[in-house]
Amino acid sequence: MGLNVIMMGPPGAGKGTQAERFARERGLPKISTGDMLREATREQNPVALEAKKLMDRGELVDDATIIAIVRDRLGKPDTRPGFVLDGFPRTVEQAVALDALMVERAQGPLVVIDVVVPEQELVRRLGSRRICGQCGTNAEPGKTECSKCGGALVVRADDDRQVVLERLKVYERATRPVLDHYRARPTFRVVNGAQAQGKVAEDVDRMIDDAAAAGRKSGARPVARARGMSARAAE
């Protein structure tokens, strides 16, 4: 059975770092919405090309488009042993569509990890975060230049304190219904992301393995027609 993980958490919680690390150590593809869009665009996927046009115009990409891109990405052979999703699902509609897709795949339970960090700590972390001004890579702690391309590090424009507070409010409003969609499942776990990074990693690993075992034991499977959406409607 596959090991299928969703890593969730607010900006600054470290979920991206943990998703990247866990995927690398377990030999699974780490998949983010941005990664999927870039890959699909390179492959001249017509749905992704249309999504890029929307983003280039500053418009939001609708759920149906994102779901179609995710469906295509999770249909690739490298996801058969499992995957780690970062940044998807962002809405309940996307979560329901993913449930339907998991029923179709029938390759193991879906583990959901919520990395929780107090707001004050998130503001502190985001205010001190740096990215490369050339390639956009997040800087490693203590680095004075980009470890990827050697470029100069800069503060992200959206890491201003007031902007950060607003981003956290938006995340809370948008994500709370998604977390509530998963919360009662035996495969849902909460991790304290305010700990040292090594301890967070230990807890993430332990809780993913525990949740996956609980899912296999209970035979937990999403309902394909949850909220009236069939597997076909998720396409």
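**Asn 4, strand S4 and the nonpolar cores**

The backbone oxygen of Pro 109 lies 3.2 Å from a polar atom of the Asn 4 side chain in this predicted model. A second backbone oxygen, that of Gly 108, is found 3.3 Å from a polar atom of the same side chain. Asn 4 belongs to strand S1 and has a relative accessible area of 0%, so it counts as buried. Leaving aside residues up to four places away in sequence, the contacts of Asn 4 are Gly 82, Phe 83, Met 102, Arg 105, Gln 107, Gly 108, Pro 109, Leu 110 and Val 111.

From Asn 4 it is a natural step to the strands. S1 pairs with S4 in the parallel sense, over five bridges, and within this pairing Ile 6 has Val 112 of S4 as its bridge partner. S4 also runs parallel to strand S7 (residues 188-192), to which five bridges join it; here Asp 114 is matched with Val 190 of S7. With these two pairings in view, the burial of S4 is worth noting: six of its seven residues are buried.

Attention can now turn to the packing of nonpolar side chains. The largest nonpolar core holds 29 residues, and the members that touch the most others are Ile 6, Leu 98 and Tyr 182. At least two residues of this core come from each of strand S1 (3-8), helix H2 (33-42), helix H3 (46-56), helix H4 (63-74), strand S3 (82-86), helix H5 (92-105), strand S4 (110-116) and helix H7 (161-182). H5 supplies the largest share, with six residues. A second core, separate from this one, has 26 residues, among them Leu 3, Leu 126, Val 164 and Ile 208.

Two members of the largest core can be followed through their contacts. Leu 98 lies in helix H5 and, with a relative accessible area of 1%, is buried. Beyond residues up to four places away in sequence, Leu 98 touches Ile 6, Leu 74, Leu 85, Phe 88, Pro 89, Leu 110 and Tyr 182. The C-alpha atoms of Leu 98 and Ile 67 are 7.8 Å apart, although 31 residues separate the two in sequence. For Tyr 182, with the same sequence neighbours left out, the contacts are Ile 6, Pro 89, Ala 95, Leu 98, Asp 99, Leu 110, Val 112 and Phe 188.

Pro 89, a contact of Leu 98 and of Tyr 182, also brings a backbone feature into the picture. Its peptide bond with Phe 88 is cis, with omega at about 5°, and Pro 89 itself sits in the loop between S3 and H5.

Two further loop residues have backbone angles that deserve a look. Gln 44, in the loop between H2 and H3, has a phi near 60°, a positive value in a residue other than glycine. The relative accessible area of Gln 44 is 53%, so this residue counts as exposed. Ala 106 is not a glycine either, yet has a positive phi of about 50°. Ala 106 is placed in the loop between H5 and S4, and is classed as exposed because its relative accessibility is 56%.

Technical notes: Residues are numbered from 1 along each chain as its sequence is written. This is a predicted model: local features need pLDDT of at least 70, side-chain atom pairs count only at pLDDT 80 or more; totals for chains, interfaces and linings use all residues. Side-chain values use heavy atoms; hydrogens and water are left out. A nonpolar core is a set of buried Ala, Val, Leu, Ile, Met, Phe, Trp, Tyr and Cys residues joined through side-chain atoms within 4.5 Å. Buried means under 20% relative accessible area, exposed over 50%, partly exposed in between (1.4 Å probe, protein chains only). Helices (H or I, at least four residues) and strands (E, at least two) are DSSP runs, numbered from the N terminus. Contact means heavy atoms within 4.5 Å. A polar contact is a pair of N or O atoms within 3.5 Å; within protein, one must be able to donate a hydrogen and the other to accept it, and residues adjacent in sequence count only if both atoms are side-chain atoms. Two strands pair if DSSP finds at least two bridges between them.
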